[in-house]
Amino acid sequence: MGGISETCSVCGTGFEVQFRYQMEEKDGGFSFFCSQKCLEKSQLGGDGGASLATCDACAKRFSPQLVSQVLYVAGRRNYACSLECRAQLVREAKGVRLGDIAAAASAARARLREDRAAGRGAACDPPRCAVRGGRGPRCRGDG
Ligand SMILES: [Zn+2]
Ligand SMILES: [Zn+2]
């Protein structure tokens, strides 16, 4: 499996993208990180926290100091200025995910119902029962 050759957005080193964290979607494009260290550097705004981030929960501008102030929601970077804001983002992220899971689960359930209905009909199809070797009576009882 050949990786994608990219240039690190932080230190400019050429490298092959092998891990999910090494590629990050940003508004209008992608950022690439050769290592966790460069990713961290980008998350924390470089040396001395030169660049400010915006809290995704309360929209406050702050300069991130800790990696724990950065979290990923659906593959996108989010900043949280405080523990409360982080908790809020996590809650929202879970809410989104739970909603998705619920929708997927109900779709799967509906599919399962259809499959079962179709399967039962096929199993009790007389020619098929005969092919299965005398299991006809059991199939009939099943329905
Ligand atoms: Zn780098
Ligand atoms: Zn905040």
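Q: Where is the place of V73?

A: Happy to start there. This is a predicted model, and in this model V73 sits in strand β7.

Q: Is V73 buried, partly exposed or exposed?

A: The general idea is to count how many C-beta atoms surround the residue; 20 or more within 10 Å would make it buried, and 12 or fewer exposed. V73 has 15 other C-beta atoms within 10 Å, so it is partly exposed.

Q: Which residues is V73 in contact with, leaving aside neighbours within four places in sequence?

A: The contacts of V73 are N78, L89 and A93. You can also look at E92, which is 19 residues away from V73 along the chain, with 9.1 Å between the two C-alpha atoms.

Q: What about L71, which is found in strand β7: which residues is L71 in contact with beyond four places in sequence?

A: L71 is in contact with N78, A80, R86, L89 and V90. L71 has 17 C-beta neighbours inside 10 Å, so it counts as partly exposed. Its C-alpha lies 10.0 Å from that of D56, a residue 15 places away in sequence.

Q: How many bridges join β7 to β8?

A: For a strand pair, look at the direction of the strands, then at the bridges, then at the turn. Strands β7 (residues 70–73) and β8 (residues 76–79) run antiparallel and are joined by 4 bridges. One pair to find on screen is Y72 with its bridge partner R77 in β8. The two strands form a hairpin with 2 residues between them, and A74 in the turn has a positive phi of about 55°.

Q: Which residue in the turn of the β3 and β4 hairpin has a positive phi?

A: That residue is G28, with a phi of about 80°, and the hairpin has 2 residues between its strands. β3 (residues 23–26) pairs with β4 in the antiparallel sense over 4 bridges, and E24 has S31 in β4 as its bridge partner.

Q: How many residues lie between the strands in the hairpin of β1 and β2?

A: There are 6 residues between β1 and β2, and G12 in this hairpin takes a positive phi near 80°. The strands, β1 (residues 4–7) and β2 (residues 14–17), run antiparallel with 4 bridges joining them. Within that pair, T7 stands opposite G14 in β2.

Q: Where is A59, which has a positive phi although it is not a glycine?

A: A59 is in the loop between β5 (53–54) and β6 (61–62). Its positive phi is about 65°. A59 has 9 C-beta neighbours inside 10 Å and therefore counts as exposed.

Q: Which residues make up the largest nonpolar core?

A: The general idea first: in soluble globular proteins, nonpolar side chains tend to be buried together. Here the largest nonpolar core has 7 residues, namely A53, C55, A57, Y79, A80, C81 and C85. A second, separate core has 5 residues, including F32, F33, C34 and L39.

Q: Which residues does C81 touch, not counting those up to four places away in sequence?

A: C81 touches C55, C58, K60, F62 and Q69.

Q: Which residues of helix α1 are buried?

A: With a helix, ask which side each residue points to. In α1 (residues 36–43), the buried residues are C38, L39 and S42. They span an arc of only 105° around the axis, so they lie on the same side of α1. These buried residues pack against β4 (29–32). The face turned away from the buried side carries the exposed residues Q36 and K37. After α1 comes G45, whose phi is positive, near 75°.

Q: Which helix does Q88 lie in?

A: Q88 lies in helix α2 (residues 83–123). With 16 other C-beta atoms within 10 Å, Q88 is partly exposed. To find a partner far along the chain, look at A57: it is 31 residues from Q88, yet their C-alpha atoms are separated by 6.7 Å.

Q: How many helices and strands are there in the protein chain?

A: There are 4 helices and 8 strands. From the N terminus on, their order is β-β-β-β-α-β-β-β-β-α-α-α. Buried residues make up 14% of the 143 residues in the chain. Among contacts with a separation of 6 or more, 26% are between residues 24 or more positions apart.

Note on methods: Residues numbered from 1 in each chain as written. Chains lettered and ligands numbered in written order. Predicted model: local features only at pLDDT ≥ 70, side-chain atom pairs only at ≥ 80, totals over all residues. Pairing = 2+ DSSP bridges. Core = buried A, V, L, I, M, F, W, Y, C linked by C-beta atoms within 7 Å. Contact = placed C-beta atoms within 7 Å. Arc of directions from axis to C-beta.
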